[in-house]
Amino acid sequence: MTTGLHVVDSGAGAPAVLLHSSGMSGRQWRRLASKLVESGIRAIVPDLSGHGSSAEWPEEKPFSFHLDVERVAALLESLDEPAHLVGHSYGGFIALQAAIAAPSRVRSLALFDPVAFGTLDAAADADARRDLLKVKLSWDATPQGREGWLELFVDYWGGPGAWAGLREDFRAEFRRVAWVVFEGVRTLAADRTPASAYATLRAPALLVTGQHSPPAARMVIRRLRESLAGARVETIPGAGHMAPLTHTDAVNELVLRWLTSVSAEDLTSARR
């Protein structure tokens, strides 16, 4: 498959495409991918643009989340059958956008805190929108400026002190991909795809959030639940936005149960 992304493809069975959050890579889903393969599900794990082993994105070259949407949609089109889409944060948003771009290629959705902020109502969700302003949309290319922006970004999503608490190798990776992360944030902040646009999706959906996720992320889940017919919503107790990393077993178990249940329903329908 030629998508412009580095992809790890393992196992056999119904395909599941796993999309990571900003600043991470497909390695985020390594444990889930292993469990899926053991369960008879094919795990397809790309590194999104500029991340992981995909080609680096040069600083100051403009980037937009639309490129990742195009690349993931192309990946879906390249598969022999529709795929489950699993995504966290930025990866969840890309999953939603790719599902709109290629709806017939999506078997189901399993999304943890997708950052689909266009779903937030300007008036009713004004408080949640204001909370997002804590992440600045201005760029300072100096080492100090880059470090400051990353700390602000990581602490917003992971809680106060999250940046300082990261292992140094994780901080080094964030520094390496800082520009493409910033550009992804900048462009998705300008996205105005309303909740009603996702109502056209017919694939079954699992929406997951953390008990302590930021207000905007929890409100997106609420708006998507209102738009996606029959969507199932789960909350991970005691967890925040980074639950796929901090509460890995709980998140992976939810996703695994969801994908196997959807696959079982597909098999039952095929036999009728």
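Colleague: On the other side of α1, which residues are exposed?

Modeller: Arg 30 and Glu 38 are exposed there. This is a predicted model. Exposed stands for a relative accessible area over 50%.

Colleague: Which residues of α1 are buried?

Modeller: Helix α1 covers residues 30–38, and Leu 32, Ala 33 and Leu 36 are buried in it. What counts as buried is a value under 20%.

Colleague: What puts these residues on the same side of α1?

Modeller: The arc does. They cover only 100° around the axis, so they sit on the same side of α1.

Colleague: What follows α1?

Modeller: Gly 40 follows, with a positive phi near 85°.

Colleague: Which residues other than glycine have a positive phi?

Modeller: Glu 60 is one of them, with phi near 80°. Ser 89 is another, with phi near 60°. Glu 60 is in the loop between β3 (41–47) and α2 (65–78). Ser 89 is in the loop between β4 (83–88) and α3 (90–101).

Colleague: Why is Ser 89 called buried?

Modeller: Its relative accessible area is 8%. The cut-off for buried is under 20%. The value of 8% meets that, so Ser 89 is buried.

Colleague: Why is Glu 60 called partly exposed?

Modeller: Glu 60 has a relative accessible area of 49%. Exposed needs over 50%, and buried needs under 20%. Glu 60 meets neither condition, so the term is partly exposed.

Colleague: What about Thr 142, in the loop between α4 (126–132) and α5 (143–158)?

Modeller: Thr 142 has a relative accessible area of 35%, so it is partly exposed. The C-alpha atoms of Thr 142 and Ser 89 are 27 Å apart.

Colleague: What makes the pair of Thr 142 and Gly 145 a polar contact?

Modeller: A polar atom of the Thr 142 side chain lies 2.9 Å from the backbone nitrogen of Gly 145. The limit is 3.5 Å, so the distance fits.

Colleague: Why are β1 and β7 called edge strands?

Modeller: The sheet is open, with seven strands in the order β1-β3-β2-β4-β5-β6-β7 and mixed pairing. β1 (6–10) and β7 (232–236) each pair on one side only. Neighbouring strands are turned by 15° against each other on average, direction ignored.

Colleague: How do you know that β5 and β6 pair?

Modeller: Pairing needs at least two bridges. β5 (residues 106–112) and β6 (residues 205–210) have four, in the parallel sense, so they pair. Leu 109 has Ala 205 of β6 as its bridge partner.

Colleague: Which helix lies across β6 and β7?

Modeller: Helix α10 (residues 215–227) does, running at about 160° to β6.

Note on methods. Residues numbered from 1 in each chain as written. Predicted model: local features only at pLDDT ≥ 70, side-chain atom pairs only at ≥ 80, totals over all residues. Heavy atoms only, no water. Buried < 20%, exposed > 50% of the residue type's maximum accessible area, 1.4 Å probe, protein only. Helix = DSSP H or I, 4+ residues; strand = E, 2+ residues; numbered from the N terminus. Arc of directions from axis to C-beta. Axes fitted to C-alpha atoms, helices over the stretch in contact; angles between N-to-C directions. Contact = heavy atoms within 4.5 Å. Polar contact = N/O pair within 3.5 Å; in protein donor to acceptor, adjacent residues only side chain to side chain.
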